[in-house]
Every structure is written in structure tokens, then in C-alpha cells.
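Trainee: I'd like to learn how to read a structure like this one. Can you walk me through a few features?

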Protein chains: 2
Amino acid sequence: MKKILNEPAAYVDEMLEGLVAAHPEFYARPHPRVIARPGGAVKDKVGIVTGGGSGHLPVFTGYVGPGLLDACAIGDVFSSASAEQIADAMKAADGGAGVLRLYGNYGGDVMNFDMAGETLEVEEDFESTSVVLTDDVASGPPEEAAKRRGVAGMVYAFKMAGAAADRGGDLAAVTATAQKAADACRSLGIALTPCTIPQSGKPTFEIDDADMEMGMGIHGEPGIWRAKLKKADEIADEIWERLQADRPINKGDRVSVLVNSLGATPPEELYILYRRFAKHLADCGASVVMPLVGRYAASMEMAGATLTVCQLDAELEELLKAPASCAFWQVS
Amino acid sequence: MKKILNEPAAYVDEMLEGLVAAHPEFYARPHPRVIARPGGAVKDKVGIVTGGGSGHLPVFTGYVGPGLLDACAIGDVFSSASAEQIADAMKAADGGAGVLRLYGNYGGDVMNFDMAGETLEVEEDFESTSVVLTDDVASGPPEEAAKRRGVAGMVYAFKMAGAAADRGGDLAAVTATAQKAADACRSLGIALTPCTIPQSGKPTFEIDDADMEMGMGIHGEPGIWRAKLKKADEIADEIWERLQADRPINKGDRVSVLVNSLGATPPEELYILYRRFAKHLADCGASVVMPLVGRYAASMEMAGATLTVCQLDAELEELLKAPASCAFWQVS
């Protein structure tokens with residue numbers, strides 16, 4: 001896959017330069033690999049910090065903004081940020097009411113977020129909590145749900161935790177809400193093509209021109225099966241059934257749905273998937289609230305899509321609908 | 001390229017079903033190939049209608065919404081809507097103050113929009129005007145600017161004409177503003193890979209794995225040169241120079257810039273391009289107002305990007321910043 005870039009080693013930093021230059025109203029860069037709110041931490045509000053590898057825009061950095069996140073630590077493409085960078089992001093997010101670390105369940109991230117939290121607690125009497133996001137049902141059976149990876153469902157957790165912090169909850173309350181939002185989300189996706197990591201110049205995986213893989217991770221982690229590309233309705237049906245088997249949606253439930261492009265897959269195809277998925281939801285008697293269709297959590301130019309269902313209670317629905325803004329998403 | 005779809009012949013209609021199902025607050029479908037505002041035409045407001053081939057989301061259909069367009073006639077992928085569909089869209093957009101036809105300069109579109117306008121004027125005493133969008137500098141020399149095609153700059157015309165209609169201008173005033181917005185925009189892009197039309201199953205063009213094409217059109221129309229893929233900064237520099245040669249930006253000018261993905265090209269790469277382009281604008285002493293970076297006018301999964309400069313006067317800047325919303329773009 002061809003990429004528009006300069007030196008591969010400069011990819012992340014030049015991307016961040018452009019991001020901040022284009023949207024100074026949303027993003028400041030207090031450290032080379034930290035994006036934070038331009039006005040500094042919001043005083044007396046719980047700060048929310050995330051982080052992770054680059055290459056997933058809008059995840060993670062893009063979701064810094066009012067009603068969303070306060071700071072993000074940014075690693076190289078598909079690599080965790082360092083503990084030091086995460087600690088810098090935590091400090092940038094600290095308005096004096098503590099900081100929630102909210103991030104996807106990947107080995108390097110877990111290690112570095114934990115280390116950053118411990119370092120700051122010991123050295124600076126800094127109060128922080130963490131919620132680890134694990135919405136990808138393909139990456140572990142229900143009895144090992146804690147091993148699952150975080151994918152597009154992370155966006156719901158960012159939105160709802162951000163709104164909970166904005167309405168003035170304390171650290172324990174915001175953490176509990178973030179955990180509830182995380183628990184409410186289930187995702188499953190398909191991959192059609194890999195993407196290329198700039199520094200290696202190699203695709204993240206190989207796949208036959210005629211094939212798809214059900215449940216493949218956003219970095220090319222192995223999925224559930226690989227076979228000839230199926231029709232959109234067959235794909236939506238299988239994802240629906242697998243998500244229903246994991247956590248059923250029942251008559252009267254209120255849910256939000258995110259049909260997410262992993263990168264190259266255009267919105268036209270997402271709407272074809274949404275059409276079928278919405279039929280399943282209607283058939284089972286659920287109500288869809290604020291469906292999201294677009295590129296919310298990607299892997300550069302990878303082709304494929306994920307479907308996420310977020311089961312709402314009254315609190316989560318209110319938090320989902322609360323105002324929020326960043327360069328990639330406006331809720332008003 | 002792999003696509004998530006069912007029967008290729010159903011691609012457009014299933015996409016529209018999904019679009020309307022996901023966003024009923026923005027889109028209604030009064031005819032199978034017409035998307036319009038769900039509340040019907042806005043009484044006593046000039047209606048703005050567009051149309052064109054499918055496969056370019058958010059262009060064209062996506063930009064129906066408050067502060068933007070009133071209706072859109074939808075053709076098959078990369079094919080004009082019919083004159084009858086356009087006439088239906090015009091009727092859906094008609095609030096009694098006349099209708100502006102605002103669309104890209106492509107042969108089939110021009111023919112069918114003209115025919116629709118003439119038919120309604122003769123049969124129904126229907127007042128309408130048209131502005132044809134021609135921002136792509138690669139598609140004709142300055143002395144033949146009227147032959148140029150419309151590309152991503154169309155989005156500025158949609159936004160500014162929509163705001164002009166919203167503030168209550170009459171048909172002549174909205175038409176004049178739309179023409180001014182159209183005249184203020186210049187675009188130039190590069191193509192890296194083709195996309196595949198669902199019904200033919202064939203790529204729109206062929207290009208070597210190592211090559212790019214400067215100035216190629218969004219349907220694969222021939223560009224200015226084809227050669228080995230250059231670095232991002234070299235690409236941004238050449239586009240800047242060619243746009244400056246066509247219509248110079250000078251010290252003190254106020255401009256908006258749109259760095260647009262043609263589909264598969266991820267936002268990371270757009271920000272790398274923006275970073276360099278913003279430097280040129282700063283070096284020449286221009287001020288950038290509300291830069292746009294993202295997927296605003298695409299060709300399904302085509303890889304590549306376009307850069308558009310829109311030179312603002314006080315009126316156009318006010319119209320650009322006026323509130324607008326659709327499923328793909330919120331300005332508040």
C-alpha cells in the first residue's frame with residue numbers, strides 16, 4: 001500500500017504537528033508525544049487520560065476535547081507510549097480531582113499505564129484509577145473476558161466517561177461510570193486487507209485477494225475464521241448472532257450501534273452493513289439510540305469494519321447524548 | 001479491491017436505505033433516488049439541490065441538512081442522476097422561493113440538470129438557477145476554466161450557498177453567493193490507487209505499485225503527470241506552486257484549506273500534508289480560517305488526496321462559519 005509521507009521515522013511527529021496546526025482549538029502538545037487540551041487541565045474536574053499506538057485516528061489522540069478526554073500519550077505506530085509519556089499525559093490532565101486512565105487492553109499499554117500510575121502515586125501523591133477496555137468478543141471467550149482487546153467500543157467509554165467527568169462526578173464516580181460503559185459494549189469485526197507500518201514498510205498480515213477474516217484484531221491479531229469474502233448481509237448476520245450469543249439484546253432494550261470503518265472501507269459499505277444490522281435490532285424489539293456510522297477507530301488504510309453494540313441504561317444514554325466536541329466528532 | 005456488499009446492482013439503494021435508517025433526523029427519501037430534508041422543503045427559503053453519481057460520500061447526498069443542501073438526486077456509482085430524478089429533487093427542495101441547482105461540472109450532470117430545469121420551468125412555471133462547480137485546476141488551463149471539473153471545492157460552495165439561503169437571501173442573491181464561493185475555490189489532487197465500481201467489478205484505472213498521478217480526476221480522468229510516488233512535502237510543494245500559479249494567495253489574505261482524502265488515505269497522511277501546506281500559507285503571510293482535514297469528497301476506496309484553497313472575503317468567511325449540520329459534518 002502506498003503512503004503519503006516523508007521519512008517513515010518522522011511519521012508520528014509530523015502527523016501530530018499537522019493535527020495541532022489544523023485544530024489548535026482542540027489540541028495542544030505540551031510534550032512531543034502528549035496531546036492535551038489547549039487551555040490546560042480543567043480545574044477540579046476529574047482528568048481522563050488515554051494513550052496507545054499511533055495509526056488509529058481518531059483513536060486515541062483525536063478524542064481529546066470538551067466532553068471527551070483531557071490528554072493522550074502517543075506511541076509509535078501500533079506501539080505503546082512509554083510510561084514516562086503516559087505520566088506526562090496524566091500530569092497534563094490533572095486538574096486536582098484525580099485522573100482516570102482509560103485505555104485498550106494490550107500488553108504494552110497495560111504495563112506502561114500501570115507503571116505510570118504507580119510512579120506518580122509514589123512520587124507525587126497523585127490520585128489515579130484505571131479502566132481497561134475489552135470490547136472485542138473475538139479475542140477471548142466470555143469466561144476470559146478480561147483478556148479481550150479493546151477496539152471501537154472504546155469510543156463509547158471515552159464519550160461516556162468524558163461526560164461523567166464534565167458533570168462533576170468525583171474520581172470514584174467517573175471510574176465507576178467508565179467501567180459501566182466499558183461493560184456495556186461488545187464489538188466484532190472483519191478484516192479484508194492489511195495496512196502497512198511506515199517504519200517497516202511491510203503489511204501487518206497477508207490475506208488472499210478473495211478472502212476475509214472474521215474477528216481479526218486491528219493490528220492483524222488472528223481471528224475466528226478465514227474464508228472467501230461473504231456478502232454484506234451474511235457478515236452482518238454472523239456478527240449479530242455472535243454478539244447475541246455473548247450478551248443478548250432483548251425486546252425493549254435501548255442500544256447504540258457503531259458501524260466502524262477500519263480505514264479504507266468507505267461509508268457506502270458501512271451503511272449497507274448498518275441497514276442489515278438495524279433490521280436485526282428492530283426484529284428483536286430493541287430501540288436504536290444515536291447510531292454511529294463512520295471511521296471512529298481505524299488502522300490506517302486497512303480495509304474492514306467492526307460492529308459495536310452498546311447497551312444503554314438511562315445514565316449511559318444521557319452521557320452518550322451530552323455535548324462533546326473534537327476535530328473528529330461533534331455531539332451537540 | 002474487496003468490497004462489503006450484496007448484489008452489486010443493489011449497492012446504491014441499500015446504501016441509501018442504511019443512510020436514512022441511521023440518520024432520519026437529517027435524511028428522508030421521498031423518491032428512491034432522492035434524499036431530502038425530513039421535514040420537507042423549508043417554506044419561503046431558497047431551495048438548494050445537488051446531485052451526481054454515487055460513491056463519493058459524503059458528496060453529494062451527505063451534505064443535505066440544515067445550513068447546507070435541501071435535496072439531492074442520486075445516480076448509480078459514478079453516473080449522473082436522470083433528469084427526472086433531478087426534477088423530483090428540485091420539487092422536494094422547493095419551498096416557494098425558487099431553487100438553485102448546484103453541482104459539479106461533468107457532462108452527464110450538466111445535461112440532466114439543464115433538462116430538469118427546463119422541464120420544470122416550462123411545465124410548472126418553476127423558478128430555478130444553476131451554478132456549476134469547476135474547482136479542479138488540473139482539468140483545464142485558466143483560459144478554459146469553464147471546462148474544469150468539480151472536486152472537493154464543491155463542499156465550500158455547498159456550505160456557503162446553504163448559509164446564504166438560510167439567512168433569507170432571494171434566489172438571485174443565493175445564486176450570486178454560490179457563484180462567488182465557487183469562483184473562490186481551487187483544488188488539485190493526487191491519485192495513488194483506483195477504486196472498483198461494484199457493477200463492473202473493475203478498477204477505474206491501472207497504476208503501477210510504485211507510482212502516483214498528479215491531477216488525476218476522482219473517476220480516474222487523466223491528470224498532469226504520472227511518476228514514482230514522491231514524498232509528502234514534495235507533493236504539497238508542487239500542489240502549492242500550481243495553485244499559486246493559477247490564483248495567487250497574497251499576504252494578508254484569509255483562506256480556508258481543505259485537505260481531503262479520496263477514500264483509503266488515512267487522516268494521519270492528511271495531517272502530514274496539512275503541516276507542509278500550512279507552512280506555505282504562513283510563509284506567504286496568509287491567515288488560515290477553519291481548516292478542514294478529512295474525508296469530505298471521496299471515491300469509495302481510492303487512495304489519494306486533494307488540496308483545496310478557498311479565498312475568503314468577509315461574506316464568505318461568515319457563511320463558512322455559520323451553523324450547519326449533517327451526518328458527516330457539524331459546524332456550530
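Mentor: Sure, starting with contacts: two residues are in contact when heavy atoms of theirs lie within 4.5 Å. Bear in mind that this model is predicted.

Trainee: Then which residues is Thr175(A) in contact with, leaving aside its neighbours within four places in sequence?

Mentor: Thr175(A) touches Leu100(A), Thr129(A) and Val131(A). The residue itself is found in helix 5, residues 171-183 of chain A.

Trainee: Is Thr175(A) buried or exposed?

Mentor: The cut-off for buried is under 20% relative accessible area. Thr175(A) counts as buried because its relative accessibility is 14%. Its side chain also has a polar atom 2.6 Å from the backbone oxygen of Leu171(A).

Trainee: How many residues of helix 2 of chain A are buried?

Mentor: Eight of the 11 residues in helix 2 (residues 83-93), so we'd call that helix mostly covered. Among the buried ones are Ile86(A), Asp88(A) and Met90(A).

Trainee: And how many disulfides does a search of the whole structure find?

Mentor: As a general idea, a disulfide is a covalent bond between the sulfur atoms of two cysteines. Here the search finds zero over all chains.

Trainee: Why is there no bond for the sulfur of Cys195(A)?

Mentor: Because the closest cysteine sulfur, in Cys72(A), is 18 Å away, which is too far. Cys195(A) is buried too, at 1% relative accessibility. Over in chain B, Cys326(B) can't bond either, because the closest cysteine sulfur, in Cys72(B), is 12 Å from its own. Cys326(B) counts as buried at 0% relative accessibility.

Note on methods. Residues numbered from 1 in each chain as written. Chains lettered and ligands numbered in written order. Predicted model: local features only at pLDDT ≥ 70, side-chain atom pairs only at ≥ 80, totals over all residues. Heavy atoms only, no water. Buried < 20%, exposed > 50% of the residue type's maximum accessible area, 1.4 Å probe, protein only. Helix = DSSP H or I, 4+ residues; strand = E, 2+ residues; numbered from the N terminus. Polar contact = N/O pair within 3.5 Å; in protein donor to acceptor, adjacent residues only side chain to side chain. Disulfide = S-S within 2.5 Å.
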